[in-house]
Amino acid sequence: MTFQQLLYLAQLEQYDRERISLWLKTNPGRVVEEKKHHLDWTMKVRLLFVFASIYSMFLPKEKAVLAALSTLEPFDILIKHCVMVLATLKLQLFHPDLHVIGIAGSWGKTTTKETLAEILRTKWRVCTTKDNTNTVMGIALTILRLPLHCQIFICEMDAWIPGEIAKVCRLICPEVGIVTTIGPMHLERFHDDYDALVRAQMELIDAIPKDGLAYKPTDGNDGVLVNTYKEIAKRFMVPEENADHILRNPPEVQHRAQIIEANGISIIDDAYNANPAGFRRALKKLEKLKAKKRILVTPGMIEMGARQFTENEAAAQEAAQICDIVIVVGEENKQALMVGAKKAKKLVWVRDLEEAKSVLAREATAGSAVLFENDLPDHYF
């Protein structure tokens, strides 16, 4: 790979040397191309390029990039520490009365955040983390940009490693905590230790003070109940009718089971990410649509560790019962999806999304319904 491709891989893997090394080991001869996104030439990337270029005079390119990451690590830690200190000071000095709501969970976080924000905005000035900004550093930078008039901050956070949510909570001090769901998302990052993943998600609940509100999923409860929104609205003195109105007309979140009509074809865009429960919900949504032909396009689910094959196989089995055509994208989950969907009326494998669109151009006629379930980054094939 070229330096730019290696730097793009590093950026996609959040500069995690262990994961970059594993990718290079398990994908020998592969090249990461900038198809869906492009390398963001941040200052960090520019410095990596400079150091890697120097090290490449006596090391292979791959090892040169890893060595450059090691060189920059102390400076990276120092900069991140400074950002955290500044974010802490800003909260203490400029937002002493800020109410903070934390949202964690394996999935459903963004939808929960946006719905709750709409409810609370009927009475308060509400700010939220944007898009998928849910890491410690992303949240700290969000705090530095918080407007002074903000009264409620709704913070979405994710568990990439043990202790990360606890670190976020020490920064933001949430008074309300919601864990939407707990499932095998990112299980690979926890080395298949499901209990460790559960403990990581529950770090939010552990951080809520005794006079706060804490909500966690229970058996058979896929996500937070509607009553939980209502209880939070009551805490912040939002009229119940306001909450009811928003819950009857929840905000549409991009790429989360979003329905789009185009040229007589109904498209369910659920491409942001995929998890077992969300995959099945999207399939049920597809099944309920009136359509002459139902088509699924998916690369499957990732970062699920030892469960990845069985979860993808099971989802594909259900898809085969609902869909007229199942289009499997890429190599990552090809075997599991093809095995699971073997009884589909028509089963197609394509190399990438562009090839899938070519198949859709032939197969998706007026009156068809198409579900796009998940879309993987460029370093997955």
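Q: How many aromatic pairs does the rule give here, and what makes two rings a pair?
A: The count comes to 6 aromatic pairs. Rings of Phe, Tyr and Trp (its six-membered ring) pair if their centres lie within 6.5 Å. This is a predicted model, where local features need pLDDT of at least 70 and side-chain atom pairs count only at pLDDT 80 or more, while totals for chains, interfaces and linings use all residues. Residues are numbered from 1 along each chain as its sequence is written, and side-chain values use heavy atoms, leaving out hydrogens and water.

Q: Why is the pair of Phe 51 and Tyr 55 called tilted?
A: Their ring centres are 6.4 Å apart and the planes meet at 35°. Planes under 30 degrees apart count as stacked, over 60 as edge-to-face and the rest as tilted, so this pair is tilted.

Q: Why does Phe 51 count as partly exposed?
A: Buried means under 20% relative accessible area, exposed over 50%, and partly exposed in between (1.4 Å probe, protein chains only). Phe 51 has 26% relative accessibility, so it counts as partly exposed.

Q: What makes the pair of Trp 124 and Phe 236 edge-to-face?
A: The centres of these rings lie 6.0 Å apart and their planes are at 85°, so the pair is edge-to-face. Both Trp 124 and Phe 236 are buried.

Q: How do you know that Arg 307 lies over the face of Tyr 194?
A: A charge sits over a ring if NZ of Lys or CZ of Arg is within 6 Å of the ring centre and within 35 degrees of the ring normal. Arg 307 lies over the face of Tyr 194 at 4.6 Å from the ring centre. Likewise, Lys 334 lies over the face of Trp 349, at 4.0 Å from the ring centre.
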